[in-house]
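Let's work through a few exercises on pockets and charged pairs. Keep the structure open beside you as you go.

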Amino acid sequence: MTDISVTVNGKRYDVSDVEPRLLLSDLLRDTLGFTGTHVGCEHGVCGACTVLVNGDSARSCLMLAVQANGAEIVTVEGLGSPEQLNVLQSQFREHHGLQCGFCTPGMLMTGEDMLRKYPLATDEDIREGLSGNLCRCTGYQNIVAAIRSAAALRSEKKP
Ligand code: FES
Ligand code: FES
């Protein structure tokens, strides 16, 4: 058992007696209550559990909580709020980039990472960037449209 501290969405959490086998996804969901992070496959395949760790997207089911000691983490709850969606979230709503919503937190976190690093991402870049996130409902077209639109709005261009 180990004591760790992590910063999640700008707030520091000190967690005592963390089991070495505890996954970061379980720490976020079960210990800290950030249930916006979804868990699908738990094998690094679906991308539903994607969060930002020190500014890079990461699959939280493939990281141990103890490996995140000292890290800055952003979950989907850190992007915006229901009253004040961020640009990417608002474009998912605008373009209906979701159906059941299970994949959506991971799509948003992957998209956020992509747009921070590649603000002028093309459709090809977006599709490549999303290739590790699986969606069983949408056919991806509207997700790509949402990210394309968010990229344009962030660049202050017309979508
Ligand atoms: S739950 Fe982590 S990649 Fe599927
Ligand atoms: S919206 Fe259902 S899995 Fe993507």
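The exercises below concern a predicted model, and each comes with a worked solution.

**Exercise 1. Describe the largest pocket: what is its volume, and which residues are closest to its centre?**

Step 1. Start with the volume: the largest pocket holds about 240 Å³ of space.

Step 2. Next, look at the lining, which is made up of 13 residues; Val-76, Pro-82, Leu-85, Gln-89 and Leu-108 are the closest to the centre.

Step 3. Now turn to secondary structure. Helix H2 (87–94) and helix H3 (104–117) are the elements that contribute two or more residues to this lining.

Step 4. Finally, sort the lining by class: 7 residues are nonpolar, 4 are polar and 2 are charged.

**Exercise 2. Where does the second largest pocket lie with respect to domain 1 and domain 2?**

Step 1. The volume of this pocket is about 190 Å³.

Step 2. Read through its lining, which includes Gly-40, Cys-41 and Cys-46 as well as Cys-135, Arg-136 and Cys-137.

Step 3. Assign the lining to domains. Both domain 1 (2–78) and domain 2 (87–157) supply residues, so the second largest pocket lies between them.

Step 4. For its chemical make-up, count 9 nonpolar residues, 1 polar and 1 charged in the lining.

**Exercise 3. Trace the salt bridges of Glu-112, and decide whether this residue is buried or exposed.**

Step 1. Recall the principle: side chains of opposite charge can pair when their charged atoms come close.

Step 2. Check Arg-116. Its salt bridge with Glu-112 has the closest N and O atoms 3.0 Å apart. The two residues are 4 apart in helix H3, so about one helical turn separates them.

Step 3. Check Arg-154, whose side chain also meets that of Glu-112 in a salt bridge, at 2.9 Å from N to O. This pair links distant parts of the chain, with Glu-112 in helix H3 and Arg-154 in helix H5 (residues 141–154), 42 residues apart.

Step 4. Compare accessibility with the cut-off for buried, under 20%. Glu-112 has a relative accessible area of 4%, so it is buried. Arg-116 is partly exposed at 48%, and Arg-154 is partly exposed at 34%.

**Exercise 4. Which elements are linked by the salt bridge between Asp-123 and Arg-148?**

Step 1. Take the distance: the closest N and O atoms of Asp-123 and Arg-148 are 2.8 Å apart.

Step 2. Place the residues. Asp-123 sits in helix H4 (residues 123–129) and Arg-148 in helix H5, 25 residues apart, so the pair links distant parts of the chain.

Step 3. Add accessibility: Asp-123 is partly exposed at 29%, as is Arg-148 at 39%.

Methods. Residues numbered from 1 in each chain as written. Chains lettered and ligands numbered in written order. Predicted model: local features only at pLDDT ≥ 70, side-chain atom pairs only at ≥ 80, totals over all residues. Heavy atoms only, no water. 1 Å grid on protein atoms, 1.4 Å probe; cavity = no way out; pocket = protein on both sides within 12 Å on 5 of 7 lines; lining within 4 Å. Points joined across faces, edges and corners; volume = space filled by probe spheres on them. Nonpolar A, V, L, I, M, F, W, Y, C, P; charged D, E, K, R; others polar. Domains from an automatic or database assignment. Salt bridge = Lys/Arg side-chain N within 4 Å of Asp/Glu carboxyl O. Buried < 20%, exposed > 50% of the residue type's maximum accessible area, 1.4 Å probe, protein only.
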